[in-house]
Amino acid sequence: RSQRYRYGRDDPRSCRYGLRGDRAYFVRQDVLSQGHRTSRVRQKLKVVSLASGSSGNAYCVETDAGAMLVDCGISCRQLVTRCDAVSIDPKSIVAVVFTHNHDDHIRGLATFHSRFPQAELYANMMTAEAIAAKTGVSEDEFTVFENYQEFEAGPFSVLPFSVPHDVPDPVGFLVKAEGKAY
């Protein structure tokens, strides 16, 4: 039996991965083992800081299957402008995850959520309550997660973990997508 489908034809472990510039690619092992020229199938994989600092925080992780925001601390207008500048379609954002409830992490949420309601909102219970009180976005709009419990947000697997900060229950995230972790 040939080893080329050891894990199954579509299993990512049957592929060879690489990085060229800011783009990831994979080559199926069966293509390599047959001696064909390798035609690389490119899959877009981006992690972009849209804003960072006391004036606002927002990061975007994007794959071909969608994008996810980590925090939404700049105005919706700035967010859309900065997404356009790095070729990310704001309509492709399927989720927004929140680290904590400081204004520089939630400033643009109310407007963003009204313009892009397809993006699901994720926060732990204490953060969701505090954000709802500050922004007017209903707590019911949030999908609440437990710290250290992995969850799916669109094409992303997200593991929240506790971090020290001066607010109740802040978190960081380990995000997995396209065989990579961030």
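This passage walks through a central strand, its neighbours, two salt bridges and the nonpolar cores of the structure. The model is a predicted one.

A good place to start is strand 8, which covers residues 120-124. Four of its five residues are buried, so strand 8 is largely enclosed by the rest of the structure. Strand 8 has a parallel partner in strand 7 (residues 93-97), and three bridges join the two. Within this pairing, Ala95 finds its bridge partner in Glu120 of strand 8. Strand 8 also runs parallel to strand 9 (residues 142-145), with four bridges between them. Here Leu121 is matched with Phe142 of strand 9. To get from strand 8 to strand 9, the chain passes through helix 5 (residues 125-135), and this β-α-β crossover is right-handed.

Helix 5 also takes part in a contact between side chains. The structure holds two salt bridges, and one of them joins Asp103 to Lys134, with 3.8 Å from N to O. Asp103 belongs to helix 3 (residues 103-106) and Lys134 to helix 5, so this pair links parts of the chain that are 31 residues apart. Asp103 counts as partly exposed because its relative accessibility is 44%, between the limits of 20% and 50%. Lys134, at a relative accessible area of 45%, is partly exposed as well.

The salt bridge between Lys176 and Glu150 likewise has an N to O distance of 3.8 Å. Lys176 sits in strand 12 (residues 171-177), while Glu150 lies in the loop between strand 9 and strand 10 (151-153); the two residues are 26 residues apart along the chain. Lys176 is partly exposed, with 36% relative accessibility, and Glu150 is partly exposed with 43%.

Attention now turns to the nonpolar interior. The largest nonpolar core contains 28 residues, of which Leu79, Val96, Phe98, Phe112 and Phe142 touch the most other members. Several elements give two or more residues to this core: strand 4 (45-51), strand 5 (58-63), strand 6 (66-70), helix 2 (76-85), strand 7, helix 4 (109-115), strand 8 and helix 5. Helix 2 supplies the largest share, with four residues. Another core, of 15 residues, lies apart from this one and includes Val61, Val70, Ala95 and Val97. Ala95 thus appears in two settings: as the bridge partner of Glu120 and as a member of the core of 15 residues. Phe142, in turn, pairs with Leu121 and is among the residues with the most contacts to other members of the largest core.

Note on methods:
Residues are numbered from 1 along each chain as its sequence is written. This is a predicted model: local features need pLDDT of at least 70, side-chain atom pairs count only at pLDDT 80 or more; totals for chains, interfaces and linings use all residues. Side-chain values use heavy atoms; hydrogens and water are left out. Buried means under 20% relative accessible area, exposed over 50%, partly exposed in between (1.4 Å probe, protein chains only). Two strands pair if DSSP finds at least two bridges between them. A crossover is right-handed if, with the strands pointing away from the viewer, the path from the first strand over the helix to the second runs clockwise. A salt bridge is a side-chain nitrogen of Lys or Arg within 4 Å of a carboxyl oxygen of Asp or Glu. A nonpolar core is a set of buried Ala, Val, Leu, Ile, Met, Phe, Trp, Tyr and Cys residues joined through side-chain atoms within 4.5 Å.
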